[in-house]
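Hi,

Here is the structure I said I would pass on. Have a look at it first, and then read my notes underneath.

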Amino acid sequence: MKSIAKNINTSTKNTFRKLGFTYLETAEIVVSLNELIANYFVHYHKLRNFHWNVDGQDFFELHKEFEDEYNTVKENIDVLAERIRVFGIKPSLTMKEILDVSEIKEAKAYKMTAIEMVNQVLKDYDILHNKMLNVINAAIDTGDNVTEQIITDFMRNLEKRNWMFTAWCK
C-alpha cells in the first residue's frame, strides 16, 4: 500500500477526464440529451398546470397523478443535466431555447377537460419516447452504456405510465 501512495502526487491538479470519450464522441449524446431536457421542461410545466387546473369527478385521482408525474420529470431532468456534466459540459438552456427546441407545446390547461389533459400527456409521452430513443441511439453509437441504461430506465417508467393513463382513458 505504501508504494502506491508514494506514486500519487497530491499536489498536481486533477484534470477532468471524459471517461475515455472524446468531445466529438459525446457531442451527439449531449445534443440529444439537451433536446430531451427541453421537451421534459415543457412537459413538466404542462403537468404543473394540469395539477392546478384539473377539476370534475376525477379531480382527486388526477390531481395526485399529475403531481407524481411532475415530480418524476423533475428528477429525470436533474439526472440528465448531471449526465451532461459528466461529459465536461455545463447544461444551459434558456426558456426561449427550451420553447424553440421542444416539440412538446404548451397547453392552456384552464380551458381543458380532464380527458383532454390526459390525452395531452399521452401525446407528450410519444414525443418523449422518441427523444429517448435518439439519446439511446447516440449512446449506443458511442459505446456509452451508462447513458443508455439511464434512458432505458426512464423509458421503462414512461411505458408503464403510458399504459396506465391509456387504461384510464377507456
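Below is what I found in it, going from the whole chain down to single residues.

One thing to keep in mind: this is a predicted model.

**The chain as a whole**

The protein chain has six helices and zero strands, so you will see the elements run α-α-α-α-α-α from the N terminus on. Of its 170 residues, 36% are buried. If you take the contacts between residues at least 6 apart in sequence, 82% of them join residues at least 24 apart. As for the outside, the accessible surface comes to about 10,500 Å², and carbon and sulfur atoms account for 53% of that.

**The core**

In soluble globular proteins, nonpolar side chains tend to be buried together. Here, the largest nonpolar core has 44 residues, and the members that touch the most others are Tyr40, Phe66, Met132 and Ile151. Helices α2 (23-53), α3 (59-86), α5 (114-142) and α6 each put in at least two residues. Which helix gives the largest share of this core? That would be α5, with 12 residues.

Ile151 is a good place to start clicking around. Setting aside neighbours within four places in sequence, Ile151 is in contact with Leu33, Leu36, Leu80, Met132, Val135 and Ile136. Met132, like Ile151, is on the list of residues that touch the most other core members.

**The aromatic rings**

There are seven aromatic pairs in the structure. Two of them caught my eye.

Tyr44 and Tyr70 make an edge-to-face pair, with 5.8 Å from centre to centre and 85° between the planes. Tyr44 is in helix α2 and Tyr70 is in helix α3, so this pair ties together parts that are 26 residues apart in sequence. Tyr70 has a relative accessibility of 5%, so it counts as buried. Tyr70 also has a charged neighbour: Arg48 lies over the face of its ring, 4.0 Å from the ring centre.

The other pair is Phe66 with Phe165, and this one is stacked: the centres are 6.3 Å apart and the planes are at 20°. Phe66 sits in helix α3 and Phe165 in helix α6, so the pair links parts of the chain that are 99 residues apart. Are these two rings' residues buried or exposed? Both Phe66 and Phe165 are buried. They also belong to one aromatic cluster, together with Phe50 and Tyr125.

**Two more residues to look at**

Arg161 is in helix α6, which covers residues 145-169. Why call this arginine buried? Its relative accessible area is 12%, and the cut-off for buried is under 20%. Apart from neighbours within four places in sequence, Arg161 is in contact with Glu65, Glu69 and Tyr125. Tyr125 is the residue you met above in the aromatic cluster.

Asn119 is in helix α5. With a relative accessibility of 35%, Asn119 counts as partly exposed. Asn119 and Phe165 are 46 residues apart in sequence, and their C-alpha atoms are 8.4 Å apart in space.

If you only have a few minutes, I would look at Ile151 and its contacts, then the stacked pair of Phe66 and Phe165, and then Arg161 with Glu65 and Glu69.

Cheers

Definitions and conventions
Residues numbered from 1 in each chain as written. Predicted model: local features only at pLDDT ≥ 70, side-chain atom pairs only at ≥ 80, totals over all residues. Heavy atoms only, no water. Helix = DSSP H or I, 4+ residues; strand = E, 2+ residues; numbered from the N terminus. Buried < 20%, exposed > 50% of the residue type's maximum accessible area, 1.4 Å probe, protein only. Contact = heavy atoms within 4.5 Å. Core = buried A, V, L, I, M, F, W, Y, C linked by side-chain atoms within 4.5 Å. Phe/Tyr/Trp six-rings, centres within 6.5 Å; stacked < 30°, edge-to-face > 60°. Lys NZ or Arg CZ within 6 Å of the ring centre and 35° of its normal. Areas by Shrake-Rupley, 256 points an atom, 1.4 Å probe, with all protein chains shown as cover.
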